[in-house]
Amino acid sequence: MKKNINDFELDSQSNQELKEKIELYKTIIDITYNWIVVVNIDGEITMINNPYCSFLGIKKEDAIGKHVTEIIPNTRMHIVAKSGKREIGDVQKIKGNQMIADRIPIFVEGKLVGAVGTVVFKDIAELDSYVKKVTVMEKELEFYKAELKKALGSKYTFENIIGESDAINQAKKLAKKVSKTRSSILILGESGTGKELFAHSIHNESPRSNYPLIKINCASIPKDLLESELFGYEEGAFTGAKKGGKPGKFEMANNSTIFLDEIGELPMNMQAKLLRAIQEREIERIGGTKSTTLDVRIIAATNRDLEKMVKNGEFREDLYYRLNVIKVTIPSLRERKEDISMLAKYLLRKVSDDMGRFVTEITPKAMELLEEYDWPGNIRELENTIERAINLVDKEARIKVSHLPYYIQSLNNNNADTFYNINLKKLVSELEITEIKKAISISKGNKFHAAKMLGISRTSLYEKMQKYNMLTK
């Protein structure tokens, strides 16, 4: 069949495009940072880029067509071209350099036709430099991840929960296990046991950890503001409503977790609205006319006996069961006394650093009393006791029995009247010194603000500081 003139024109155009593409590929290979060589199935070089030729000290035209072993010392390219097995990250010595090379077989329509080799790192030092850079980047990434967690409001993880007792380990194990689910969690525990710490940790262990943990304390918000705080409001919903309205905590927690602390303090009318939000998975702003569907995971916490409140008609039974899908009970400190020593040492380091004080240890006798005390205020009370003791420490750099509150010191004597034999005047003086030091520290030396915090005049503050020799000379 004869071709017409148009067919020849098309062939000519196609050939020209093919030549241009080939020249482009050659140019790309020649300017590539990595050294590249290509061999056919017989081990003969069919392509090699200029950077590789420069290193080897040869001209490209002298290398093409030669067997690869004549050009590159210690090469295995010809072996890979025959075996068809790739070699990745192999160390190859060329001209005194320990190089890292990859050798990949080339298949065309399933048939082995050769191999391509690249020198990825030109010496071990270059690899080492690369590894160090990656390590630095990984550390930076971890740092920024941690900072993001803090910015998102969930800075604690399970690693921050101190203790090795069976009681705390069981609570942590259960909390970790249920972190991955979307079910509601009810955290129970006495005041000061670390319920918020568990809520943070559960959120950070969950698939929602890249979103902010939204927190609300149901006891600290005035009753008439709770609904707007939880569900938001539209513009003009009430006098003083912001222009454009305001999203509530539930909207802010979409795709994330909301932590409802002190849930036992929620008024009955708000319990009904919260129940609807949980059941329907949607909320409606105050003054709004449409509902918004949300995906929110709920963690609630309380130190109250919700079952008893349900029986007394103080808490809705249906809401209780909605929240109590998974119950995590945090043990009190008196139930895990074996953890007190570890906690006290941890808090000593933490509080000392925060206060800028050099206090390094707790004497064995003082630690014995800390372990004997029942801690009705739990970890929060222990931390406050450590802070008080650090304020009283002078040059000894360690907490002794005399630095502990008298009600703990009294455990050192079996006499039940010990507590009542203390010097009340001395106790008041020590308390005043502690609180004055704390107020001055918080106010960063500003006596006016310190006096205001203490609820006394600046003149009274100076008089007390003079009385206790606290004024700098």
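Select strand E1, residues 35-40, in this predicted model. Look at its two faces. Trp-35, Val-37 and Val-39 lie on one side, and they are buried. Ile-36, Val-38 and Asn-40 lie on the other, and they are buried as well. Both faces of E1 are therefore covered. The tally is 6 of 6 residues buried, so the rest of the structure largely encloses this strand.

Keep E1 on screen and add strand E5, residues 111-121. The two strands run antiparallel and pair over 6 bridges. For one contact to display, pick Trp-35: its bridge partner in E5 is Val-119. Trp-35 is also one of the buried residues on the face shared with Val-37 and Val-39.

Now add strand E2, residues 45-48. E2 also pairs with E1 in the antiparallel sense, here over 3 bridges. Show Val-37 next. Its bridge partner in E2 is Ile-48.

Move to the connection between E1 and E2. The two strands form a hairpin, with 4 residues between them. Select Gly-43 in that turn and check its backbone torsion: phi is positive, at about 85°.

Last stop: the cysteines. Select Cys-53. Its relative accessible area is 3%, under the 20% cut-off, so Cys-53 counts as buried. Then select Cys-218. Its relative accessibility is 3%, which means that Cys-218 is buried too. How many disulfides does the model have? The count is 0, taking sulfur pairs within 2.5 Å as the criterion.

Terms used: Residues numbered from 1 in each chain as written. Predicted model: local features only at pLDDT ≥ 70, side-chain atom pairs only at ≥ 80, totals over all residues. Heavy atoms only, no water. Buried < 20%, exposed > 50% of the residue type's maximum accessible area, 1.4 Å probe, protein only. Pairing = 2+ DSSP bridges.
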